[in-house]
Amino acid sequence: MTEALIPNGINDSGGTLSYFRKGCNPLAQTGRSKLQKKRAVLNQQIIKQMRIRAGAENLLKATSNNKVKEMVLLELSFVNSDLQLLMGQLDALNSSVDVYQSKQETVNIPLIALGLKETKEVDFSAPFKDFIMEHYNEDSRKFEDEIADLMDLREACRTPSRSEAGVELLEKYYNHLPMIESRFFAPTNQTGIFFTWYDSFTGVPVCQQNLSLEKASILFNMAALFSQIGTRSNRQTTAGLEEAISSFQKASGILNYLKETFTHTPSFDMGPAMLSMLIRLMLAQAQECLFEKSVLPGTRNKFNAMIKVAQEAAKVAEVYDQVHQCMIQTQLKDNVPLFWSTMTQVKTNHYCSMAHYFVAVALLDHQLGPKDDEDHQEKTFSQVYDQFPEGWTPLDVLKQTELRRRLGKAHIRKSTSGHEEALRIFDMCPNLNNHDVLRDILKTSHYHSLDKYTEFENEEEFTDYMEAPNILSKTERKAEMETPSTSKVKVKDFFHRLGPLTVFSAKQHWTPPRTVRLCPEGRDLGFTLKGGSPVQVVSLDPLCGLDPWRPSKDGLKEGDYIVAVGDTECKWMGMTQVMRLLKDVDEEGIDIQVVSMLDANPSMPAKSATFSGNLPKTYSMICLAHDDEDKNPKTRKVAKKSSFLSWGLKNKVKSTSTVSLPTADYSGSLPWNKHPPSFPSSSAYNSES
């Protein structure tokens, strides 16, 4: 499939447009695209039949007419039959593993890949525009490009390429979702946007208005894409096997994260039981690839090497048996594809038989010679079984030819019967009949076991039959979950221009922007600012007599956020940048735009910065009263008057950073002989200190 780059409508720091990858062409005639198209058609047919069934069931409850009930019951029987047929076809699609396998001609056993979940197209345009206009008081037409880019990104995620680029595309959309949720999805209000995703196994649609289902489904598709990358890898090379191992481990890690994070997703394919089974399946396939990697260069026909390979094969058989036991649980067996459970059962028998075959070869083809390391062989062989046949010891078996022969033939018999069982199970599953590669592998393995048994067959020993002990599994490298870090894919907020998310989010409510005219008096503008983006008005000068600065309906208020100075937007500006804009205000003044928080009174900072005479100062508290009768500054106490900031001052003794501002009484009772200092201004710039 081909893919392309499309602009995301956002300029980077260099002023050039940044891009994200577009999904594959959904009309491309590849095996995978055809499969997904069939899945989409089946999902639509299933939802149609489910609506008919729901209507019939409602009519059955509402009517008391027996004749109508009989007709409805007849209709329900037809609908249920159609649903079973459709789900059978969906089951067959999930059993189509050939399209996901490597393109190279190989003789590897097929691996199982997860199919991508299908979803309906979502139109964000109208709801987001309304929300921007009503909640953010912005012109929604300015954000049409951003909304279109978001919709293009989501649409591209429906057809990701089966490569790392496709995974990156899903990761980018997933990383955008928390920002979209903060911007537009308020906890108390519904946006009217419905996200519909179809169950990967049953085709049943699940619809929600919040983004939890969207996030969980994207994670599921990321895991599905990793599983498809793993099955596509060329397992005839070491690099291809490493890619497959890593992909299956990442798929299991994502599924485990999905299971632990989204615990109440109302979709069967993302339920705890199903996810647990899928995690085991991905790890089992990773373990199978690890085994294939260990035998890819060939296995030396040495005793220790054969025992090692046998235990590696036993490990693969063990993990596949655990997967099979999960698949046949009551809550899963009706919806897990029959092909999957049959395949795991076949592989369990196949790899268990291979383990017995390699142990038989080690015992029958090798004798303990004088040049062999007896202690090393004894230690290796002692770890093969949980329990040796009664009365036997590892050293006895290694030294006595007759015991080695009897035990080796017992293993080869068990290997032969195991391969026969695998072939029997294979022939019983109709969906496996078309997998010629798997049949050939099973027949070849069975032939090798028979050939080895024939080589050591002796009619006189016909009655000498013993049961081979079970082989303990052991591996040098165990497949483990690997959770890829989605944070490595950096994204920039589509709606960056709305302002910082910490303030301008769906949870916060403000007044519409209002314009306040600032005319400086002397070198003071009459307010103190708090640093950050956006800049916040911390306090106002109570001595300033100009109306625009007094707390009123239309004037400047404590806690206001400055969103524009003149024609310059300053939502993302810090205090220093805003101060530069206010630095050269002339006597005619300047218009600023501010917004006020409606939800609750904004918390006042413990420390705020102000500028006076180009020297930054920090004040932890502002006190507006003092005791005129106390002439000693060291013993002067604060009068119990309410502050203009309405701050409760519990401690009478202030810290050294406390600043006492004069009251309206400018008489000579002040404790210092000089003109009363002006209120620390946000725009006072001169060389005086």
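Which residues does Ser 163 touch, not counting residues up to four places away in sequence? They are Leu 225, Ile 229 and Arg 232, where contact means heavy atoms within 4.5 Å.

**Before selecting anything**

This is a predicted model, in which local features need pLDDT of at least 70 and side-chain atom pairs count only at pLDDT 80 or more, while totals for chains, interfaces and linings use all residues. Residues are numbered from 1 along each chain as its sequence is written, and side-chain values use heavy atoms, with hydrogens and water left out.

Show the whole protein as a cartoon. The protein has 16 helices and 14 strands; these are DSSP runs numbered from the N terminus, helices (H or I) having at least four residues and strands (E) at least two. Of the 689 residues, 49% are buried. Buried means under 20% relative accessible area, exposed means over 50%, and partly exposed is in between (1.4 Å probe, protein chains only). Among contacts between residues at least 6 apart in sequence, 76% join residues at least 24 apart.

**Stop 1: Ser 163 and Gly 166**

Select Ser 163, in the loop between H4 and helix H5 (164-184). Ser 163 is partly exposed, at 22% relative accessibility. Draw a distance from its C-alpha atom to that of Leu 225: the separation is 7.8 Å, for residues 62 apart along the chain.

Next select Gly 166, which lies in helix H5. Gly 166 is buried, with a relative accessibility of 1%. Setting aside neighbours within four places in sequence, Gly 166 is in contact with Pro 160, Ser 161 and Leu 225. Leu 225 is thus a contact of Gly 166 and of Ser 163. From Gly 166 to Phe 226 the C-alpha distance is 9.5 Å, with their positions 60 residues apart in sequence.

**Stop 2: helices H6 and H7**

Select residues 212-232 for helix H6 and residues 238-261 for helix H7. Their axes come within 8 Å and cross at roughly 165°. Axes are lines fitted to C-alpha atoms, for helices over the stretch in contact, and angles run from 0 to 180 degrees between N-to-C directions. The crossing angle makes H6 roughly antiparallel to H7; angles over 145 degrees count as roughly antiparallel, under 35 as roughly parallel, 65 to 115 as roughly perpendicular and the rest as oblique.

The crossing of H6 past H7 is left-handed, that is, the near helix is turned anticlockwise from the far one by less than a right angle. Now show side chains at the contact. On the H6 side, the residues include Leu 219, Phe 220, Phe 226 and Ile 229. On the H7 side, they include Phe 248, Ile 254, Leu 255 and Tyr 257. The residues of this contact divide into 14 nonpolar, four polar and three charged. Here Ala, Val, Leu, Ile, Met, Phe, Trp, Tyr, Cys and Pro count as nonpolar, Asp, Glu, Lys and Arg as charged, and the others, Gly among them, as polar.

**Stop 3: salt bridges**

How many salt bridges does a search of the whole structure find? It finds 22, a salt bridge being a side-chain nitrogen of Lys or Arg within 4 Å of a carboxyl oxygen of Asp or Glu.

Start with Glu 144 and Lys 129, whose closest N and O atoms are 3.0 Å apart. This pair links distant parts of the chain: Glu 144 is in helix H4 (residues 144-156) and Lys 129 in helix H3 (residues 125-135), 15 residues apart. Both are partly exposed, Glu 144 at 37% and Lys 129 at 22%.

Move to Lys 293 and Glu 242, which form a salt bridge at 2.1 Å, N to O. Lys 293 sits in helix H8 (residues 272-295) and Glu 242 in helix H7, 51 residues apart. Add Arg 477 to the selection: Glu 242, Lys 293 and Arg 477 are linked in a network of salt bridges.

Then take Lys 315 and Glu 318, joined at 3.4 Å, N to O. They are three residues apart in helix H9 (residues 303-327), so about one helical turn separates them. Lys 315 is buried at 14%, whereas Glu 318 is partly exposed at 33%.

**Stop 4: Ser 505**

Finish at Ser 505, in the loop between helix H15 (436-455) and strand E5 (514-518). Is Ser 505 buried or exposed? Ser 505 is buried, with a relative accessible area of 6%. Beyond its neighbours within four places in sequence, its contacts are His 135, Tyr 136, Ser 182, Arg 183 and Trp 510.
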